[in-house]
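Dear colleague,

Please find the structure for your review below. My notes on the model follow it.

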Amino acid sequence: MQSLSNRAKKLEKKPMNFSERMYLPAIFQGLSITMRHFFKKKATIKYPEETRPMSAVWRGLHVLKRDEKGRERCTACGLCAVACPAEAITMVAGERKRGEEHLYREEKYAVSYEINMLRCIFCGLCEEACPKAAIFLQNDKVAPARYERDEFIYGKDRLVEPMPIQNQ
Amino acid sequence: MESTEFLVRSAVILAVFGITLLIATYSTYAERKIAAFIQDRVGPNRAGPMGLLQPLADAVKLFFKEEFVPANANKFLFIAGPSLAMLTACMASAVIPFGNTILIDGQYINVQAIEVNIGILYIFGVVALGVYGIMIGGWASNNKFSLLGAIRAASQNISYELAMGMSIIALLLVSSSLSLRVIAQQQGETLFGISGMNWNIFYQPLGFLIFIICAFAETNRVPFDLPECETELIGGYHTEYSSMGMGLYLFAEYVNIFVASAVMATLYFGGYNFPFMYDLGLPHNLVTLIGTGVLFIKILMFIFFFMWVRWTLPRFRYDQLMNLGWKVLIPLSIANVIITAAVILISEQGLPW
């Protein structure tokens, strides 16, 4: 049958000549190939000591940002929870009391804010939905492995950015 | 005088035994490292600096495993198998000359555990005994895969011992001595105007090729590792073994590789001789020391070659193995013997016409 792509190679089954029947040239060819690999640069990344460089747009673990005065930016509007296709985000809103102005930027804030890392698909839609630029996906951290399921539900204790040192 | 010789002798014997075990231990590490490097990986590097304590960790792990004996196995033979394999493997390095002589109090003492005038026959006998370890272990397991592996090991070793013996006979025609020490000393003579270069590889290249192929088969290394062929026989003769029984079998294999490398280096690659060894004008003991070092470099290069081949070539099929042994290597080695004998006869007595 006519080949359509013209890429098919016709195999010739010739009887082997003397050097082929000795097998030694082929063996030395194989040995030289393995020796080349012996001196090649290794592809391994020794993980705990060195990590693979991540791209600037990598979507890793979430962080809840603070503003320049160290106040939480999140106002618990719930847009991220609405945008989330995996329904991983829940929150409880609360009213800011007098005397808490240094802690929360607006008069409404998130009393609790939880992301279930087992549900999260790291799509980054919460980041896009946020009107206050409060939630971001970091490019240098990933959610680490845990033994228990409830350890994957990240609350505010693990999500909110730590206080800048000069404000403490 | 007697006591110094006794002391030096005991030191040499202990050193030979210790070094044999040490090299076999670190062969396991080297094997994993070389395998990794050839496959573009880095290999064991967690235990100690560069993973150098890995053999220790492996040994400790093996000791803590359960020593399991199958219900219907012959318990005595089941334990005797790996012990015999280890014993014969360690016995063979006794007659290998690891160096020339040491001069102490005007007395020359051999750097060799025992000097026997039939050294090469001794090694052959002991290595041939090694197959009993595999046979007994495979049979005592009371398991068809183990038995098949043992049968394969036995028939393979017997087939390749013939060709090996033939290639040795051609070598003995050249050296006209069975003593490994005499064979090594002869290779220290002058060739091409360089002292210490009279190596047998220049006289017996074909014999060496046959010998090295047979050495691979005798030590059950890839491409001749059919007795422990995982794809067909699970684990071959050591399917049922665990803990140190398994460890002894694996260890015996590496000791065998060391012995085979030492024998090849001694018989064909000049033993402890190195180029220009008598032209440097160094004291006798220093030349001996360098010679021992050179011999170990040669041995390590052979061990590296064993591993290099293992991670390059695939395994033979059993009929191919038998074809190679009986239809190729034995006729070749017989031809090698006849050609060598004819050349020696003609060079000594001239052409018959």
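The notes below cover chain A, its contact with chain B, and the nonpolar cores.

This is a predicted model, in which local features need pLDDT of at least 70 and side-chain atom pairs count only at pLDDT 80 or more, while totals for chains, interfaces and linings use all residues. Residues are numbered from 1 along each chain as its sequence is written, and chains are lettered from A and ligands numbered from 1 in the order in which they are written.

Chain A has 5 helices and 5 strands (DSSP runs of H or I, at least four residues, and of E, at least two, numbered from the N terminus). Their order along the sequence is α-α-β-α-β-β-α-β-β-α. The radius of gyration of chain A, taken over C-alpha atoms, is 29 Å, well over the 15 Å that the globule rule (2.2 Å times the number of residues to the power 0.38) gives for 168 residues, so chain A is more spread out than a compact globule. Its C-alpha trace spans about 95 × 45 × 30 Å along the principal axes.

Between the chains, 10 residues of chain A are in contact with 9 residues of chain B (C-beta atoms, placed from the backbone, within 7 Å).

The largest nonpolar core (buried Ala, Val, Leu, Ile, Met, Phe, Trp, Tyr and Cys joined through C-beta atoms within 7 Å; buried means 20 or more other C-beta atoms within 10 Å of a residue's own) has 83 residues. Helix α9 of chain B (residues 243–267) gives the most to this core, with 14 residues. Apart from it lies another core of 17 residues, including A:L64 and A:Y109.

Yours sincerely

Methods
Two residues are in contact if their C-beta atoms, placed from the backbone, lie within 7 Å. A residue is buried if 20 or more other C-beta atoms lie within 10 Å of its own, exposed if 12 or fewer, and partly exposed in between; C-beta atoms are placed from the backbone.
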